[in-house]
Amino acid sequence: MDKAFKNEFATSINLLGASFYAPINEQDQSEVLPYLKQAKLKKFLSKQDRLAIIGFANLLNQFKGDRENLLKKSGLYLCVGYIPFEENTIRSLAKASQAEGAFSMDAFSSNGISSINPLTTFKCLPNMPAYHITSTFDLQGTSFTTYPGTGQLYQAIEMAMLDLEMNKIDYAFVGAVCDQDNFLVKSFHNRINQNCKLIDAAGFCCLTNQKLINEHSWVETPWELKNFQIAYQSIDPLDTGYHKSSDTQNHYGSADFFYTYQINQSKDFFEIQRSVEMR
C-alpha cells in the first residue's frame, strides 16, 4: 500500500463519460426523490447515500443507449468519505452513555444505543452508498467499496480496470462520494492541519474496453488511458506535524478527481490525474 504502483494494460481502457455533483445547502433532499422506487425509502438514506444516488444518476442520464442492457454488464467501484455523524445525535449518544460523569460501557450498551434512532447505524455504514446505488438502479455486476482519500479512489480505479481486463464486466462505473459538511468530519480535518472549506460532493465516470467504444458512448471520441501509476506515502505526523495551512480552499475529498475533470474537460485529464502522491 505504501509503495509506488504502475500498470501497463493488456487491453485499452477508455473513459466514456464523467460527472461531478456538489449540492447547494440541502438541494440533495429533493433532487433524490425522482430516482427512488418509493418516496418513503428516503427515510433510510443518509446524506452520503443521497449524494451517491444523484451523482450516479447525473452520469447515467447522459447515456442515450439501452440502459437496462448497460447496467447488466456493469460493475460499481466506489470510494466513500469519512464516516459522518450529526452533532446532535452524537451528543445525545454521549450523554446517555455516561455514569457519574464518565463514559460507561454498561450505560452505552443499555441506554446509549437505544437513545438514538436505530436507522442511524445503517446510515453510517460505509458500504450503504454502494448498496443504494445498486438497489435504486438495478446494477447487477461486481461491487467494490473502499474508504477515504484520493489514493483509495485510485485503488478503486485499479480494481475496475483489472475486472475489465479479465472480462468480468463490460463497463465499470467508478465513483467517489463524500459527506464533508458534517460535525465529525470537520473535527477530524481540524486535527490534521486541513485549513479548508469542506464541500459535500459526488463524482462518477464510466470506463470500458476499446472493443466496446462504438457500441455506446457519452463522448464522440473516448479518451484512452495509456498507463496508470500510484505513488502513495502515508501521513507521518511526527515528521510533518499538525500545523495549519494559512490558505483556505474548497476541499471535495476523493471526489476532487471528478471536479478536476469538470474544470479541464480535455484529453489531458487522464494525463494529469493518472499519477498521484499522497502526503
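At what angle do helix 2 and helix 7 pack, and how far apart are their axes? In this predicted model, helix 2 (residues 47-60) packs against helix 7 (residues 128-137) at an angle of about 45 degrees, and their axes lie 9 Å apart. Helix 2 is therefore oblique to helix 7. The crossing of the two helices is right-handed. On the side of helix 2, the residues that take part are Gln48, Asp49, Ala52, Ile53, Phe56, Ala57 and Leu60. They meet Met128, Pro129, His132, Ile133, Thr136 and Phe137 of helix 7. By type, the residues of this contact comprise nine nonpolar, three polar and one charged.

Some residues of the helix contact also appear in the interior of the model. The largest nonpolar core holds 29 residues, and those that touch the most other members are Phe56, Leu76, Ile133, Phe137, Phe173 and Phe204. Two or more residues of this core are supplied by each of the following elements: strand 1 (5-21), helix 2, helix 3 (67-72), strand 2 (74-80), helix 7, strand 6 (171-178) and strand 8 (201-209). Helix 2 gives eight residues, the largest share of the core. Another core, of 26 residues, lies apart from this one, and its members include Leu15, Met161, Tyr252 and Phe258.

Two loop residues were examined for their backbone angles. Glu100 is not a glycine, yet it has a positive phi of about 55 degrees. Glu100 sits in the loop that runs between strand 3 (98-99) and strand 4 (102-103). Glu100 counts as exposed because its relative accessibility is 87%, and the cut-off for exposed is over 50%. Asp138, also not a glycine, has a positive phi of about 55 degrees. Asp138 belongs to the loop between helix 7 and strand 5 (143-146). With a relative accessibility of 41%, Asp138 counts as partly exposed, since that class lies between the 20% limit for buried and the 50% limit for exposed.

A further residue considered was Phe122, which is part of helix 6 (residues 119-124). The relative accessible area of Phe122 is 48%, so this residue is partly exposed. Along the chain, Phe122 and Phe44 are 78 residues apart, while their C-alpha atoms are separated by 8.0 Å.

Note on methods: Residues numbered from 1 in each chain as written. Predicted model: local features only at pLDDT ≥ 70, side-chain atom pairs only at ≥ 80, totals over all residues. Heavy atoms only, no water. Axes fitted to C-alpha atoms, helices over the stretch in contact; angles between N-to-C directions. Helix = DSSP H or I, 4+ residues; strand = E, 2+ residues; numbered from the N terminus. Parallel < 35°, antiparallel > 145°, perpendicular 65-115°, else oblique. Left-handed = near helix turned anticlockwise from the far one by under 90°. Contact = heavy atoms within 4.5 Å. Nonpolar A, V, L, I, M, F, W, Y, C, P; charged D, E, K, R; others polar. Core = buried A, V, L, I, M, F, W, Y, C linked by side-chain atoms within 4.5 Å. Buried < 20%, exposed > 50% of the residue type's maximum accessible area, 1.4 Å probe, protein only.
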